[in-house]
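Colleague: I'd like to go through this one with you before I set anything up. Could you bring it up on the screen, and then we can talk about the pockets, a helix and the backbone?

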Amino acid sequence: MLPDTTKDEIRISVAFTGYRPQKLPFGDNWDHPDAKKLRAVLYNEYDRLIRKGFRFFLTGGALGSDMMTAEVILELKKKYSKLPIYHELCLPCYGHSSKWECRDIERLERIKKQSVVTYVTDGPYCSGCMQKRNEYMVDTSAVLVAVYDGQNGGTRNTVEYAKSRRKKTVIIRPRGFIRVELFQKPEDVDQLMLAEFDDYDDGVEAVSTKRSGKSNLKI
């Protein structure tokens, strides 16, 4: 965890969790119409969050919706070039992409070059490092965005962890692209109630940006 991440920085930080290709309806076919629709929904969601005053965005470096979301954030960073917007790429361990196809490794490297990179553990893959990465992102953010429709796995565990930590959560279902915004209270999560984020006060740009250049092990 970043030791000097402030409460003000957490207040304007957003974490992401979502499915890998095998759980997405279009797999890894990024030219599929549904893949393009999901990307457009994510783009609109993050554009909305930026306009609400959020400035720090965390993704986990996994294949699938993680990579798509990271690229969306970096595209929006260029759109809002006059704003202090930061992408933190949170990797679970060293070498987590070593068995990927070359095209995916190259894609991740392009994202790394435009991001603050944090290795949540300081060694190779070990049991629990993926969940530790997910919990780090939730713990240091105010909001979780999830591409999720109830399937078991790491995304579900992260949504449940955010629920236990009373974090606001935005769920985007990859089939039908329904957007559900959840309160912090368990009963609201269970009922899938819609809500609006509170507007943040003026002066959010004056928040210190220690987070922007810090990482445990920066590449």
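**Pockets, a helix and two loops**

Modeller: This is a predicted model, and the largest pocket in it holds about 270 Å³ of space.

Colleague: Which residues lie nearest the centre of that largest pocket?

Modeller: The largest pocket has 19 lining residues, and G18, R20, G153, G154 and T155 are the ones nearest its centre. Two or more lining residues come from each of β1 (13–18), α5 (129–139) and α6 (154–164), with α5 giving the largest share, five residues.

Colleague: And how many of the lining residues there are nonpolar, polar or charged?

Modeller: In the lining of the largest pocket, 10 residues are polar, five are nonpolar and four are charged.

Colleague: OK, what about the second largest pocket, how much space lies in that?

Modeller: The second largest pocket has about 240 Å³ of space, and 13 residues line it, with R20, H96, W100, Y125 and M130 closest to its centre. Its lining divides into seven nonpolar residues, four polar ones and two charged ones.

Colleague: So which residue turns up by the centre of each pocket?

Modeller: R20 does, since it is listed among those nearest the centre of the largest pocket and also among those closest to the centre of the second largest.

Colleague: Switching to helices, what is the span of α3?

Modeller: Helix α3 covers residues 65–79, 15 residues in all, and from its first C-alpha to its last it reaches 21 Å, close to the 21 Å expected at 1.5 Å a residue.

Colleague: Which of the α3 residues are buried, and what covers them?

Modeller: The buried residues of α3 are S65, D66, M67, M68, T69, A70, V72, I73, L74 and L76. Their cover includes the strands β1, β2 (56–59), β3 (86–91) and β5 (143–147), together with the helices α2 (33–52) and α4 (102–113).

Colleague: Last topic, the backbone: where does R166 lie, and what is its phi?

Modeller: R166 is in the loop between α6 and β6 (168–172), and its phi is positive, about 60°, although R166 is not a glycine. Most residues other than glycine have a negative phi.

Colleague: Is R166 buried, exposed or partly exposed?

Modeller: R166 has a relative accessible area of 45%, so it counts as partly exposed.

Colleague: And F177, where is that, and is it buried or exposed?

Modeller: F177 sits in the loop between β6 and β7 (179–182), and it too is a non-glycine residue with a positive phi of about 60°. Its relative accessibility is 19%, and because buried means under 20%, F177 counts as buried.

Conventions:
Residues numbered from 1 in each chain as written. Predicted model: local features only at pLDDT ≥ 70, side-chain atom pairs only at ≥ 80, totals over all residues. Heavy atoms only, no water. 1 Å grid on protein atoms, 1.4 Å probe; cavity = no way out; pocket = protein on both sides within 12 Å on 5 of 7 lines; lining within 4 Å. Points joined across faces, edges and corners; volume = space filled by probe spheres on them. Helix = DSSP H or I, 4+ residues; strand = E, 2+ residues; numbered from the N terminus. Nonpolar A, V, L, I, M, F, W, Y, C, P; charged D, E, K, R; others polar. Expected span 1.5 Å × (residues − 1). Buried < 20%, exposed > 50% of the residue type's maximum accessible area, 1.4 Å probe, protein only. Contact = heavy atoms within 4.5 Å.
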